[in-house]
Amino acid sequence: MWSKLQQRLQQRAAQDLMRQRLTCQSPQSVELKAHGQSYLNFSSNDYLGLANHPKMVKAMQKASKNFGVGSGASHLIVGHSEQHHLLEQELAEFLEVEAALLFSTGFMANLGVLTSLLDKKDLIVQDKLNHASLIDGGLASDAKNVRYAHQDMASLERQLAQKAESKLIVTDGVFSMDGDIAPLLEITKIKTRYKVQLMLDDAHGFGVLGEQGCGSLEHYQIPTQIADIYMATLGKALGGFGAFVAGSKLLIDSLIQFARPYIYTTAMPPALAAANRIGLQLIRDEAERRQSLKQNIQYFRLLAEQNQLPLMTSETAIQPLVLGANDLVVKVSHNLKQAGILAVAIRPPTVPKGSARLRITITAEHSKQHIEYLVEQLVVAIKKHKEI
Ligand SMILES: *Cc1c(COP(=O)(O)O)cnc(C)c1O
């Protein structure tokens, strides 16, 4: 095993595919300290700038004083605190669905849903570019797991033609490496026509999209109840940590009984639940954050277009620049870092071969000057290695 692993690591390094961690020394914000340097951060999912919001910090401090640090046990033993309970109620109310259930992470939520609700007579039909946790959840499920070409409705319909007792369409709301939004109007029509179920992973839509911040369904003015299973994380726009599934009472009751990644794990710290509650409140009450984010995205796209940068069609905070070759992306990312900018290189297998990219994320907290500097340095770095 060890010699094989050694070989695999060497192979990765040779292909410019080695992944590295940055050790941060400051809170998440537009300016990030790492390895003793200060950087302009264009890589975080803290789209609304809430991860280090004073109200969030205060909520966590206050709640840790009242509830301590550890939750002590799983939810079904003695780990389910009032703070968890209130957060679940507030999430359900916010989304106008019957109930919500907290999970420790989004990865576990997706794994929990896909491995507990379906059996081998059922069919899961997923977008090919869905998040790794959905793909893994599908593979671990007893149900048959198939994929359709990215956002390709004809391909989805072909997959739905297969015989199965229950069929579940599964899609990201906003695709994490491309930033494009799922065609939920079409998917909703197909769901109704074929009388199948829909699971929506709205990790990058929740809090950000829609006037109220209810996510990618609200973006299309579709009520959240259309998704039989709605899932989102609390660690992205909400600025906290953890995740939840929302939907009918029957869905939530079933998950509590059958979802092993819910049952057999320690509950999130109650103080974290309390901080997440404040995050939700800020999403609800401070719509101007979504407005600033939108303006920043538009400004970035305008400047990038003027400079002929290879933009994708994304209208969300995720604005990838596909450069293609692994070594090119690594070099450009490295040059940006030398210029004080963090824009992380994303390479296969996270994205398809030949589509290595800089995954730039814009937040509400960036200033016009930050965005101007980013585009200026992108042009310099890309020109240095490639004619664009
Ligand atoms: C981040 C992400 C997850 C996982 O959520 P965590 O809470 O970080 O585990 C799931 N789905 C999508 C689409 C994501 O982007």
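The legends below describe close-up views of a predicted model.

**View 1. A nonpolar surface patch is formed by Met-1, Trp-2 and Leu-5.** Together these three residues have about 390 Å² of accessible area. Met-1 is located in the segment before α1 (2-14). Met-1 counts as exposed because its relative accessibility is 63%, and the cut-off for exposed is over 50%.

**View 2. Phe-103 and Tyr-262 make an edge-to-face aromatic pair.** The structure holds 4 aromatic pairs, and Phe-103 with Tyr-262 is one of them. A pair of aromatic rings is described by the distance of the centres and the angle of the planes. For Phe-103 and Tyr-262 these values are 5.5 Å centre to centre and 65° between the planes. Phe-103 belongs to strand β3 (residues 99-103) and Tyr-262 to helix α11 (residues 260-263), so the pair ties together parts that are 159 residues apart in sequence. Both Phe-103 and Tyr-262 are buried.

**View 3. Phe-206 and Phe-244 pair edge-to-face within an aromatic cluster.** The ring centres of Phe-206 and Phe-244 are 5.2 Å apart, with 70° between the planes. Phe-206 is in the loop between β7 (197-201) and α9 (216-219), whereas Phe-244 is in strand β9 (residues 243-247), so the pair ties together parts that are 38 residues apart in sequence. Phe-206 and Phe-244 are both buried. Phe-94, Phe-206, Tyr-230 and Phe-244 form one aromatic cluster.

**View 4. Lys-368 lies over the face of Tyr-299.** The distance of Lys-368 from the ring centre of Tyr-299 is 4.7 Å.

**View 5. Strands β10, β13 and β12 form an open sheet of 3 strands.** The strand order is β10-β13-β12, and the pairing is antiparallel. β10 and β12 (345-346) stand at the edges with a single partner strand each, so one side of each is left without a neighbour in the sheet. Strands of a sheet pair through backbone hydrogen bonds, either parallel or antiparallel. Strand β10 (residues 318-324) is joined to strand β13 (residues 356-361) by 6 bridges. Pro-320 has Arg-359 of β13 as its bridge partner, and Val-322 stands opposite Arg-357 in β13. Strand β10 is mostly covered, with 6 of its 7 residues buried.

**View 6. Arg-357 of strand β13 forms a salt bridge with Asp-178.** The closest N and O atoms of Arg-357 and Asp-178 are 3.0 Å apart. Arg-357 lies in strand β13 and Asp-178 in the loop between β6 (167-172) and α8 (184-194), so this salt bridge ties together parts that are 179 residues apart in sequence. Arg-357 is buried because its relative accessible area is 3%. Asp-178 is also buried, with a relative accessible area of 12%. The count for the structure comes to 8 salt bridges.

**View 7. Asp-228 forms a salt bridge with Lys-191.** Here the closest N and O atoms are 2.7 Å apart. Asp-228 lies in the loop between α9 and β8 (229-233) and Lys-191 in helix α8, so the pair ties together parts that are 37 residues apart in sequence. Asp-228 is partly exposed, with a relative accessible area of 23%, whereas Lys-191 is buried at 12%. The two labels follow from the cut-off, because buried means under 20% relative accessible area.

**View 8. Lys-249 and Asp-253 form a salt bridge within helix α10.** The closest N and O atoms of this pair are 3.0 Å apart. Both residues lie in helix α10 (residues 249-258), where they are 4 residues apart, about one turn of the helix. Asp-253 is partly exposed, with a relative accessible area of 34%.

**View 9. Glu-286, Arg-289 and Glu-365 are linked in a network of salt bridges.** The side chains to look for in this view are Glu-286, Arg-289 and Glu-365.

**View 10. Lys-55 of helix α2 and Leu-282 are 227 residues apart along the chain.** The C-alpha atoms of Lys-55 and Leu-282 are separated by 8.9 Å. Lys-55 has its place in helix α2 (residues 54-67). Lys-55 is partly exposed, with a relative accessible area of 47%.

Conventions. Residues numbered from 1 in each chain as written. Predicted model: local features only at pLDDT ≥ 70, side-chain atom pairs only at ≥ 80, totals over all residues. Heavy atoms only, no water. Patch = residues over 30% accessible without salt bridge, like charges linked within 9 Å, V, L, I, M, F, W, Y side chains within 5 Å. Areas by Shrake-Rupley, 256 points an atom, 1.4 Å probe, with all protein chains shown as cover. Salt bridge = Lys/Arg side-chain N within 4 Å of Asp/Glu carboxyl O. Helix = DSSP H or I, 4+ residues; strand = E, 2+ residues; numbered from the N terminus. Buried < 20%, exposed > 50% of the residue type's maximum accessible area, 1.4 Å probe, protein only. Phe/Tyr/Trp six-rings, centres within 6.5 Å; stacked < 30°, edge-to-face > 60°. Lys NZ or Arg CZ within 6 Å of the ring centre and 35° of its normal. Pairing = 2+ DSSP bridges.
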